[in-house]
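Got a minute to poke at a model together? Here's the thing to look at.

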Amino acid sequence: MEGQQRLAASKVLVVGAGGLGSPALLYLAAAGVGTLGVVDADVVETSNLQRQVIHGDADVGRLKTESAAEAVARVNPHVTVVRHDVRLDSSNALEILRDYDVVLDGTDNFPTRYLVGDACVLLGKPHVWGSIYRFDGQVSVWWAEHGPCYRCVFPDPPPPGAVPSCAEGGVLGVLCAAVGSVQVAETVKLLLGIGEPLVGRLLVHDALRMSWDALTVRKDPACPVCGESPTVTGLIDYPQFCGLPVAARDQSEAFDVPLIGASALATELASDAPPLVVDVRGPDERSIASIGGSVAIHLDEFRDGSAFEHDELASTGRRIVLHCKVGARSAEATRLALAAGYTDVSSLDGGVLAWVHDVDPTQPEY
Ligand SMILES: [Zn+2]
């Protein structure tokens with residue numbers, strides 16, 4: 001009775017009503033957590049449904065917070081849901097997080113992850129973090145007062161594009177339940193003050209081996225946000241923090257990426273001087289949807305320079321259009337091509353998804 005009353009008086013903020021947020025919200029509601037905040041500015045898309053089980057097919061096009069709030073009410077009408085239909089950023093994060101006892105982080109991008117991590121340190125909140133990609137998951141509880149924070153263990157963001165999002169790289173849907181349910185277990189333990197929280201331990205899950213390994217992680221005395229002499233004492237510009245490293249920026253960031261729309265590309269392809277279309281994705285993605293006549297040269301080959309030795313690129317006098325799924329990887333490849341001396345190169349705006357949407361709806365989206 002005492003524990004249940006404590007849960008009813010508790011407030012948990014779930015950041016992201018996506019893959020991890022879906023099981024988290026449903027189980028926290030079922031457990032009787034009295035107030036659930038949910039932050040998300042996105043709408044439900046069909047491609048979300050293989051993993052974001054709090055939303056259904058009929059919810060496509062609706063705000064995720066609205067769909068999630070209804071699902072929570074179906075499970076437990078006594079829960080107060082506070083909807084934050086905004087993109088969390090440095091201007092609003094402290095104000096939003098301040099009211100909650102625990103922050104359950106189900107974000108899918110590095111700028112928001114560092115933002116949530118730093119905000120939790122600054123506010124002294126436990127940060128129940130989970131991350132999933134393809135067949136792998138990671139979970140921990142970052143809590144600067146009792147152990148490491150996110151930055152102690154992951155001080156530097158990966159280069160942009162180096163780690164594709166779940167939307168780009170894919171994820172086994174049920175992995176969200178495996179990792180999200182661990183996050184809920186940790187949250188309930190923290191709210192009740194029972195057991196040993198995952199502070200100072202990083203759980204690493206490999207669904208293909210079906211293994212869970214616990215790594216010991218330690219506080220970094222030199223951590224810029226929770227260390228002995230912190231240099232980050234307020235929220236910073238996280239998109240910039242997670243931007244290109246300086247060395248890479250010197251080489252290629254100087255180039256603006258010329259873009260071409262899918263319909264304009266279709267027109268150019270039908271003309272007397274069609275451009276060479278280069279697909280920088282891998283074969284798995286290419287097998288789902290592709291642009292007829294395109295050649296496949298992977299982004300990695302642009303990164304190591306070998307792309308420019310391919311016959312198609314080495315000898316072409318043609319205009320070149322690079323594409324990926326949505327445009328991020330091809331933008332990087334376009335910058336690299338410009339840096340390598342190519343002058344007539346563009347990136348397909350919106351990637352093959354824009355092509356499927358605007359030009360060839362017979363192919364599937366993914
Ligand atoms: Zn730290």
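What follows is a short round of questions and answers on this predicted model.

Q: Which residues coordinate the zinc ion, and what is the spacing of the donors along the chain?
A: The zinc ion is held through the SG atoms of Cys 149, Cys 152, Cys 223 and Cys 226, at 2.2 to 2.3 Å. Written along the chain, the spacing of these donors is C-x2-C-x70-C-x2-C.

Q: What arrangement do the 4 donor atoms make around the zinc ion?
A: For four tetrahedral donors, the ideal angle is 109.5 degrees. Here the 4 donor atoms subtend angles of 95 to 117° at the zinc ion. All angles have to lie between 85 and 135 degrees for the label, so the arrangement comes out as tetrahedral.

Q: Is Cys 226 buried or exposed?
A: The cut-off for buried is under 20% relative accessible area. Cys 223 has 1% relative accessibility, so it counts as buried. Cys 226 has 12%, so the verdict for Cys 226 is also buried.

Q: Which strands pair with S5, and in what sense?
A: On one side there's S4 (residues 102–105), which pairs with S5 in the parallel sense over 3 bridges; Asp 105 has Trp 129 as its bridge partner. Trp 129 also has a bridge partner in S6, namely Ser 140. S5 and S6 (residues 136–142) pair over 7 bridges, so the full answer is S4, parallel, and S6, antiparallel.

Q: Which residue in the turn of the S5 and S6 hairpin has a positive phi?
A: S5 and S6 form a hairpin with 2 residues between them. A phi of about 55° turns up in that turn, and the residue is Arg 134.

Q: What is the handedness of the β-α-β unit that ends in S5?
A: The unit is made of S4, helix H5 (residues 110–123) and S5. Its handedness is right-handed.

Q: Why is S5 largely enclosed by the rest of the structure?
A: S5 covers residues 127–133, and it is largely enclosed because of how many of its 7 residues are buried. That number is 6.

Q: Which helix supplies the largest share of the largest nonpolar core?
A: In soluble globular proteins, nonpolar side chains tend to be buried together. This core has 39 residues, and Leu 104 and Ile 132 are among those with the most contacts inside it. S4, S5, S6 and H8 (175–192) are among the elements that each supply at least two residues. The largest share, 9 residues, comes from H8.

Terms used: Residues numbered from 1 in each chain as written. Predicted model: local features only at pLDDT ≥ 70, side-chain atom pairs only at ≥ 80, totals over all residues. Heavy atoms only, no water. Buried < 20%, exposed > 50% of the residue type's maximum accessible area, 1.4 Å probe, protein only. Helix = DSSP H or I, 4+ residues; strand = E, 2+ residues; numbered from the N terminus. Pairing = 2+ DSSP bridges. Right-handed = clockwise from strand over helix to strand, strands pointing away. Donors = N, O, S within 2.8 Å, 3.2 Å for Na, K, Ca; no water. Tetrahedral: all angles 85-135°; square planar, octahedral: opposite > 155°, others 65-115°. Core = buried A, V, L, I, M, F, W, Y, C linked by side-chain atoms within 4.5 Å.
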